[in-house]
Amino acid sequence: MRGAKSISRDAVRTAAAAMAAVFLAFPAHAERIKNPVAEFSGIDKITGRITNFDVYMDETVQFGALQVTPRVCYSSPETEEPKTDAFVEVNEITLDRQIRRIFTGWMFAESPGVNAIEHAVYDVWLKSCKQNSDVPPPATN
């Protein structure tokens, strides 16, 4: 009986050492940073003009005939590989003044070609997520 307890303690120690080695071998990932501002770029294909614009979360900003509304914008800490993504809704104001949803989904700053808005006249893509902006925040009631 005494030998069985000794083996079980040794097994527990060995398992604990193995688990510690696994945890030390893989670095811990820091939590993603939730940012209050998303920075976008947009191009007007007719004029060729590229515009950078900041949008606060849940605020809607109009770029040409498009209305851009970010819902959440995440970035990775500076100590990790850059990963920036935002959940965005984009509406188009049609020629007959109707509002039509043309995009709902994630945009990725490191892959602007993935899920960028490609409209007949305007393209919009995520550049970054930020903690502050030169643009004043929207008024709160």
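Is Glu89 buried or exposed? In this predicted model, Glu89 counts as buried, because its relative accessibility is 16% and the cut-off for buried is under 20%. That makes Glu89 a handy place to start, since its side chain takes part in salt bridges with Arg71 and with Arg101.

Take the Arg71 pairing to begin with. The side chains of Glu89 and Arg71 meet at 2.8 Å, N to O. Glu89 sits in strand S6 and Arg71 in strand S5, so this salt bridge ties together parts that are 18 residues apart in sequence. Arg71 itself is partly exposed, at a relative accessible area of 35%. On the other side there is Arg101, whose side chain meets that of Glu89 at 3.6 Å, N to O. Here the link runs between strand S7, which holds Arg101, and strand S6, which holds Glu89, so parts 12 residues apart in sequence are tied together. Arg101 is partly exposed too, with a relative accessible area of 43%.

Arg71 has another partner in Asp58, and that salt bridge comes out at 3.0 Å, N to O. Asp58 belongs to the loop between S3 and S4, while Arg71 is in strand S5, so the pair joins parts that lie 13 residues apart in sequence. With 51% relative accessibility, Asp58 counts as exposed, because the cut-off for exposed is over 50%. Put together, Asp58, Arg71, Glu89 and Arg101 form a network of salt bridges. The count for the whole structure comes to 8 salt bridges. As a general point, side chains of opposite charge can pair when their charged atoms come close.

Now for the nonpolar side of things. The largest nonpolar core has 21 residues, and those with the most contacts inside it are Phe40, Phe53, Val88, Val124 and Leu126. Quite a list of strands feeds into this core: S2 (37-44), S3 (49-56), S4 (61-63), S5, S6 (84-93), S7 and S9 each supply at least two residues. S9 gives the largest share, with 4 residues. Phe40 shows what the surroundings look like for one of these residues. Leaving aside residues up to four places away in sequence, Phe40 touches Thr51, Asn52, Phe53, Val55, Val68, Pro70, Val88, Met107, Val124, Trp125, Leu126 and Lys127. In soluble globular proteins generally, nonpolar side chains tend to be buried together.

Not every nonpolar side chain is tucked away, though, as a surface patch shows. Trp106, Phe108 and Val114 make a nonpolar surface patch of about 240 Å². Trp106 is found in strand S7 (residues 99-108), and with 32% relative accessibility it counts as partly exposed.

Finally, there is the covalent cross-link. The structure holds 1 disulfide, which joins Cys73 to Cys129 with an S to S distance of 1.7 Å. The two cysteines come from distant parts of the chain: Cys73 is in strand S5 (residues 66-75) and Cys129 in strand S9 (residues 122-130), 56 residues apart. The link is left-handed, with -80 degrees about the S-S bond. Both ends fall under the 20% cut-off for buried: Cys73 is buried with a relative accessible area of 0%, and Cys129 counts as buried at 12% relative accessibility.

Notes: Residues numbered from 1 in each chain as written. Predicted model: local features only at pLDDT ≥ 70, side-chain atom pairs only at ≥ 80, totals over all residues. Heavy atoms only, no water. Disulfide = S-S within 2.5 Å. Buried < 20%, exposed > 50% of the residue type's maximum accessible area, 1.4 Å probe, protein only. Patch = residues over 30% accessible without salt bridge, like charges linked within 9 Å, V, L, I, M, F, W, Y side chains within 5 Å. Areas by Shrake-Rupley, 256 points an atom, 1.4 Å probe, with all protein chains shown as cover. Salt bridge = Lys/Arg side-chain N within 4 Å of Asp/Glu carboxyl O. Core = buried A, V, L, I, M, F, W, Y, C linked by side-chain atoms within 4.5 Å. Contact = heavy atoms within 4.5 Å.
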